[in-house]
Amino acid sequence: MKAMLSRAAALIAVLVLAAGCASPPPQYYSLADDTLRSAPAAAGAAPLFIELAPVAMPERFARPQMVVRQKGAADSPQVDILEEHRWSSSFENELRDALASGIAGRLGAVDATRSGLARGRPVVRIAVQLRQFDAVENSRVDAGFSWTVRRADEGPSSACQLSLSEPVDRGLDALAAGAQRVTAKLADAIARSVSAMSSQPAAACPA
């Protein structure tokens with residue numbers, strides 16, 4: 001009887017220890033700005049359609065896990081891939097969705113990336129490349145992007161670049177919020193490119 005009780009007690013201890021060592025569930029973050037209100041389309045104007053190609057980026061970022069550098073190691077090649085802190089989808093899809101909805105909202109446009117393109121409607125095609133994305137914990141998010149905007153396959157295009165550095169507070173929640181602000185600033189810049197392209201092609205890129 002005592003042996004049975006001892007084995008039961010040992011089993012309970014093992015289960016309690018295992019429960020204490022279990023990894024916490026992942027926390028999920030979004031790059032989308034849910035507070036953005038769509039700009040109204042101009043009265044009587046034909047709706048503008050935009051189409052955003054998949055965002056090109058280095059393979060190391062194309063994952064749902066957050067990829068961060070520790071403060072003080074910004075120049076180090078070493079990064080941490082955080083299993084317990086993730087984007088709500090793979091990073092390239094998360095960035096594309098946030099940009100497409102953000103650009104369409106700022107322009108009062110239709111996001112053909114989601115809704116599809118009505119036959120005969122002109123579309124503005126946008127291609128974005130992520131060149132740099134250093135998320136430094138408790139410090140900042142440094143990012144570099146390039147993009148092209150084309151009103152039709154045969155039409156002229158504008159090619160632009162933008163580098164951003166967004167300071168952040170302590171913690172990974174603040175780091176994710178900094179990445180969201182970087183995405184919003186990029187959406188602002190691309191939306192200005194689309195607006196300026198037809199009237200002022202030379203001014204289509206942000207300073």
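**Exercise 1.** In this predicted model, find which residues E137 is in contact with, leaving aside its neighbours within four places in sequence.

*Solution.* Start at E137 and skip those sequence neighbours; what remains is V68, R69, Q70, K71, L172 and L175. Now pick one of these partners, L172, and look at the chain: E137 and L172 are 35 residues apart along it, yet 6.8 Å separates their C-alpha atoms.

**Exercise 2.** Work out where E137 is found, and whether E137 is buried or exposed.

*Solution.* First, the place: E137 is in the loop between β6 (123–136) and β7 (140–150). Next, take its relative accessible area, which is 17%. Buried means under 20%, so E137 counts as buried.

**Exercise 3.** Check whether the span of helix α2 agrees or disagrees with 1.5 Å a residue.

*Solution.* Helix α2 covers residues 91–107, which makes 17 residues. The expected span uses one less than the number of residues, times 1.5 Å, so α2 should span 24 Å. The C-alpha atoms at its ends are 24 Å apart, so the two agree. While you're there, look at which residues are buried: among them are F91, L95, L99, I103 and L107. Right after α2 comes G108, with a positive phi near 65°.

**Exercise 4.** Say how strands β1 and β3 each run relative to β4, parallel or antiparallel.

*Solution.* Take β1 (residues 27–29) first: three bridges join β1 to β4 (residues 80–87), and the two run parallel. Here Y29 stands opposite W87. Then take β3 (residues 65–68): four bridges join β3 to β4, and this pair runs antiparallel. In this pair, V67 stands opposite I81.

Conventions:
Residues numbered from 1 in each chain as written. Predicted model: local features only at pLDDT ≥ 70, side-chain atom pairs only at ≥ 80, totals over all residues. Heavy atoms only, no water. Buried < 20%, exposed > 50% of the residue type's maximum accessible area, 1.4 Å probe, protein only. Pairing = 2+ DSSP bridges. Contact = heavy atoms within 4.5 Å.
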